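Please open the structure in a viewer and keep the selection tool at hand. The stops below proceed by selection, each followed by a description of what is found there.

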Amino acid sequence: MSTHRDRSSEPAARATVLRTVSTRERRSHLSAPRVPTVGIDIGGTKVMAGVVDADGTILEKLRAETPDKSKSPKVVEDTITELVLDLSDRHDVHAVGIGAAGWVDAERSRILFAPHLSWRDEPLRESLQARLAVPVLIDNDANAAAWGEWRFGAGKDEDHLVMITLGTGIGGAILEDGKVKRGKYGVAGEFGHMQVVPGGHRCPCGNRGCWEQYSSGNALVREARELAAADSPVAYNIIDRVGGTVSDITGPLITELAREGDAMCVELLQDIGQWLGIGIANLAAALDPSCFVIGGGVSAADDLLIGPATEAYRRHLTGRGYRPEARVVRAQLGPEAGMVGAADLARLVARRFRRANRRRLERYERYERAAAQLGLAPRTRMVSR
């Protein structure tokens, strides 16, 4: 498997062996062990892994393409495992956090359903812990991104934050008083699958007219490719850029051309932004947050997207002119928000294990002292300091 490397540190010792527990976030994140952890962001097109320190700084990151979704889930697990073991060769990794694009159960153990991957009630945490020998924490990718932005980015110090991630689809998360709101069954925040156009475009989730079919990376690329396939005059520039190969049209290319002033690409981003603003207005009516943070790969378009979204939000907001408006800001951590957030959430599980590990060490040391006094052979030590 080929991976893209972005390194900024010297090699370090291999990972220690840990276990996973803990869900108490607000009271524990400040006192979590200041140890390096790995964050994994699994999207519909890529797997990104990075070693992150306690201040949210990325020490090294790797990237690999997401294996074809028609393949076994084990193929994705293989990719994750290879990335983590690669990073562990150079860093003292203490835990792994995974932000996955899909429905995660309340125990953050299983992927119930992933629209863009072949996971159906997949016991991902158990499988990866057995292979990695470090504690693994699973969460929805948007939850992880929201946590990262609240801890280190655009949502820092916000008490009521809503995160919207625009990538292959739309992810969402709600964070109140320093706690991610996951709902009774763990699947809160799936804003992308609110149905906004009855009978509209078919969504990979199985329904029609989902919000992400009108405001996401997939929607942006679909519209551009349809215009190019129809040989529309407004698409001649992008057709020329890809040499007539319509399938080579991508979201980053559309954004690049829009920045260069291509009228069609600017208009497509405006359309995506308007749909985004309508959805934000609906979420404001339901949740009344103080801040909307817009992240994901499509947010790289910045004001070409955020500007139209903010205008549409203000135009459709219920009670506009008579109520405070939430801020709409771009995520500061960019596409790394989910990776950084997942790593920081994983750091929370290390404290209780470190205590348990210390107690095990103390028991071994007591046994060794007693064994020495009795002339017995020392027991092989199975834990690391």
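In what order do the 3 strands of the open sheet stand? The model is a predicted one, and in it the order is β6-β7-β8, with antiparallel pairing. Select β6 (103-104) and β8 (120-122): both stand at the edges with a single partner strand each, so one side of each has no neighbour in the sheet. Next, add β7, residues 111-113, which pairs with β6 in the antiparallel sense over 2 bridges. Within this pairing, V104 stands opposite I111 in β7.

**Strand β2 and its partners**

Select residues 37-42, strand β2. Of its 6 residues, 6 are buried, so the strand is largely enclosed by the rest of the structure. In a regular strand, side chains alternate between the two faces of the sheet. Here both faces are covered: T37, G39 and D41 are buried on one side, and V38, I40 and I42 are buried on the other.

Now display the partner strands. β3 (residues 46-52) pairs with β2 in the antiparallel sense over 6 bridges, while β5 (residues 96-100) runs parallel to β2 and is joined to it by 5 bridges. V38 is a convenient residue to centre on: it stands opposite V51 in β3 and opposite V96 in β5.

**K46**

Which strand holds K46? K46 is found in β3. Is K46 buried or exposed? Its relative accessibility is 14%, and because the cut-off for buried is under 20%, K46 counts as buried. Show its side chain together with that of D41: the two make a polar contact at 3.3 Å. Leaving aside residues up to four places away in sequence, K46 touches D41, R63, A64, E65 and T66.

**The nonpolar cores**

In soluble globular proteins, nonpolar side chains tend to be buried together. The largest nonpolar core in this model has 42 residues, of which I164, I238, L276 and F292 touch the most other members. Elements giving two or more residues to this core include β10 (160-166), β11 (170-176), α4 (217-229) and β13 (291-295). Select α7 (263-287) as well, since α7 gives the most to this core, with 10 residues.

Centre on F292 and display its surroundings. Not counting residues up to four places away in sequence, F292 touches V162, I164, I280, L283, A284, A326, R327, V328 and V329.

For the last stop, select I80, V84, L87 and V104, which are included in a second, separate core of 28 residues. V104 has appeared before, as the residue opposite I111 in β7.

Notes: Residues numbered from 1 in each chain as written. Predicted model: local features only at pLDDT ≥ 70, side-chain atom pairs only at ≥ 80, totals over all residues. Heavy atoms only, no water. Pairing = 2+ DSSP bridges. Helix = DSSP H or I, 4+ residues; strand = E, 2+ residues; numbered from the N terminus. Core = buried A, V, L, I, M, F, W, Y, C linked by side-chain atoms within 4.5 Å. Buried < 20%, exposed > 50% of the residue type's maximum accessible area, 1.4 Å probe, protein only. Contact = heavy atoms within 4.5 Å. Polar contact = N/O pair within 3.5 Å; in protein donor to acceptor, adjacent residues only side chain to side chain.
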